[in-house]
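Dear colleague,

Here is the structure I promised to hand over, with sequence and coordinates together. Below it I have set out what I found, so that you can follow each point in the model as you read.

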Amino acid sequence: MDTAYLIETIIKVVVILLIFSALAGIGTYFERKILAFMQRRLGPMYVGPYGLLQVAADGIKLFTKEDIIPTNVVGPIFKIAPVITAATAFIAAAAIPFFPQFTIFGYTVHPIVADLNIGILYILGVMAVGLFGPLLGGMASANKFSLLSAARTAAVFISYEVVSGLSILAPIMMVGSLSLIDFNNYQTGGISHWIIWSQPVAFVLFWIAAFAETGRTPFHLIANDHEIIDGFGTEYSGMRWGLFFIGEYANMFFISFVIPLIFLGGYGDGSLLGALGLIGKVAFFFFFFLWTRAAWPDVRPDQLMWLCWKVLMPLAVINVVITGLVMMF
Amino acid sequence: MKMEQFNDRNVADNGYFLVDIEDYPTDGWGKFKRVVKRSFRGELFVGLWVVLREMIKFDIHTVQYPEEKLPIGPRYRAVHEMKRLWESDTERCIGCGLCEKICISDCIRMDTKIDENSRKEVSEYTINLGRCIFCGYCAEVCPELAITHGGEYENASQQREHFVDYEYMLTPIDKMKAGTQMEFEGFGAITPHEDERVKKTPLAY
């Protein structure tokens, strides 16, 4: 391993970390604004022009708030839980190609930290580890609502993971690789080559599983404010709570990258237009997360398990079987 | 404005209808059919469209309070005001004491004296806003239309027993000279544009 590669990788890691930490903050601003507009409100308006500096105000508040470790909590686990959520979200991003490769000052940059040959498996696996944050944090807090939230985390965990894994299996069979770059190159031929046209069922299933994975509104039952306060976050304050927050939003952004890369052609042929197209797709999927939050009700945990095990998993299996039959003959 | 639509009490003919709610399925096949129907009827997209439509229409209802304020109705009973006579700019209050007598929460206190022109004059007049229930009896009983209610509803104070005195309530003389003293339209006054906002109360379904 030569030094240039090491330096390049560290720079890429730092850039991704900074950009997506900032995006997580700005994402909250967009979320509040879009939700407000959909509910005929104005949203944040006072801090800065159109409330743009609200993000900074929230950040200052989070950083300066006292970090409380309540009595009766299991200290070490309580302290490490938010780090798990935030860290795994960013670790998962290592295998995501954010842009096509480009040349700057005669140096070719691959905007992916590590092009693993098991990319998609790695991303899904590490993202799934992120749910240990709510699970451990909820169980370590001496709080019944946190405990309920931890139980729900486990329920969500065993439900969606099967669906996301099985639904992604059919595209993997078609592409014959687990690297997201290979997925992208498989679809470079334009819109008609996108995997969504041959795998619409897998696309919808993976999308649904992405909502469960990130815990967004139809499946927002881990930290369901109106039922169990803030769930696992009830006992947290200050930056520890902020880490949970950053992890959730970073996960939303990363899964918004993964869905277009797998199903919607990614960055296409690698031109500037393709890169901009990828950003547009990511923006749409991120917007959809906010859109559903304004429009749809939450499901109960038992309904989520019912949906995942009795509806989506059979559909995914049937999809895999049909894909296999079509590929065989 | 036509009143027929408000006088027509038979609301059943005007778009009201009973919602058709099916029985819940009991057997497995019925439940399966319900799931399929709900999955493919696209109700989720109706919800998505509704919120997107509202976002595109951008019909924001927020009132940014300290900068913008909603208009209040003429009948609104907030902190009292003392009016002046239009002819002479002198105070209308004749110190009769009726408001003090009628006040059911005993929050008005007044003292009077005979001035140099042998007229009765108010020497002290305070209202304890911590006790006042803003019932409006004082304004109603006042024979001179001197004490009325104003529109000042922002009553932040360091203590509950916030008093207003005569000088505070009296219309300032420069405002009087400018002719901008507002008469209290009072009880029975109609809110402007009330006709457009009135809605029919359905009496029968």
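In the hairpin formed by β2(B) and β3(B), five residues lie between the strands, and one of these features to look at is Ser118(B), which takes a positive phi near 60°. Please keep in mind throughout that this is a predicted model. The two strands of the hairpin, β2(B) and β3(B), pair in the antiparallel sense over seven bridges, and Ile114(B) stands opposite Lys120(B) in β3(B). On β3(B), which covers residues 120–128, there is also an antiparallel pairing with β5(B), over three bridges, where Ile127(B) stands opposite Val164(B). Taken together, the three strands form an open antiparallel sheet in the order β2-β3-β5 of chain B. Its edge strands are β2 (108–114) and β5 (163–165) of chain B, each of which pairs on one side only. Direction ignored, neighbouring strands of this sheet are turned by 15° against each other on average.

As for chain B in general, its secondary structure comes to eight helices and five strands, and along the sequence these follow the pattern α-α-α-β-α-β-β-α-β-β-α-α-α. Of the 205 residues of chain B, 12% count as buried. Among the contacts in chain B between residues at least 6 apart in sequence, 74% join residues at least 24 apart.

One helix of chain B can be checked for regular length: the 13 residues of α2 (residues 28–40) should span 18 Å at 1.5 Å a residue, and the end C-alpha atoms are 19 Å apart, which agrees. This helix, α2(B), is hardly covered, since the count of buried residues among its 13 residues is zero. After α2(B) comes Gly42(B), whose phi is positive, near 75°.

Turning to the interior, the largest nonpolar core has 90 residues, of which Ile96(A), Ile123(A), Val163(A), Ala250(A), Phe254(A), Val258(A) and Ile262(A) touch the most other members. Helix α11 (residues 238–263) of chain A gives the most to this core, with 17 residues. If residues up to four places away in sequence are not counted, Ile262(A) touches Ile120(A), Ile168(A), Pro171(A), Phe183(A) and Ile195(A). Apart from the largest core lies another, of 17 residues, with Met82(B), Ile127(B), Cys138(B) and Ala139(B) among them; Ile127(B) is the residue that stands opposite Val164(B) in β5(B).

The helix α12(A) deserves a separate paragraph. At 1.5 Å a residue its 24 residues should span 34 Å, and its end C-alpha atoms are 34 Å apart, which agrees. The buried residues in α12(A) are Leu278(A), Lys281(A), Val282(A), Phe285(A), Phe286(A), Phe289(A), Leu290(A), Trp291(A) and Ala294(A). An α-helix has 3.6 residues a turn, so residues three or four places apart point the same way. The buried residues of α12(A) pack against α1 and α11 of chain A together with α3 (43–57) of chain B.

Within that helix, Phe285(A) counts as buried because 20 C-beta neighbours lie inside 10 Å, and 20 is the number at which a residue is taken as buried. Not counting residues up to four places away in sequence, Phe285(A) touches Ser256(A), Ile259(A) and Pro260(A). The C-alpha atoms of Phe285(A) and Thr217(A), which are 68 residues apart along the chain, are separated by 14 Å.

For a contrasting position, Pro70(A) is found in the loop between α2 (54–64) and α3 (75–92) of chain A, and with 14 other C-beta atoms within 10 Å it is partly exposed. Leaving aside neighbours within four places in sequence, Pro70(A) is in contact with Ala142(A) and Glu235(A). Its C-alpha atom and that of Ser21(A), 49 residues apart along the chain, are separated by 27 Å.

Finally, which residues bring the two chains together? The contact takes 10 residues from chain A and 14 residues from chain B. On the side of chain A that touches chain B, α1 (3–38) and α12 (272–295) each supply at least two residues, and the largest share, three residues, comes from α12(A). The residues on this side of chain A divide into eight nonpolar, no polar and two charged.

With best wishes

Conventions: Residues numbered from 1 in each chain as written. Chains lettered and ligands numbered in written order. Predicted model: local features only at pLDDT ≥ 70, side-chain atom pairs only at ≥ 80, totals over all residues. Contact = placed C-beta atoms within 7 Å. Helix = DSSP H or I, 4+ residues; strand = E, 2+ residues; numbered from the N terminus. Nonpolar A, V, L, I, M, F, W, Y, C, P; charged D, E, K, R; others polar. Pairing = 2+ DSSP bridges. Axes fitted to C-alpha atoms, helices over the stretch in contact; angles between N-to-C directions. Core = buried A, V, L, I, M, F, W, Y, C linked by C-beta atoms within 7 Å. Expected span 1.5 Å × (residues − 1).
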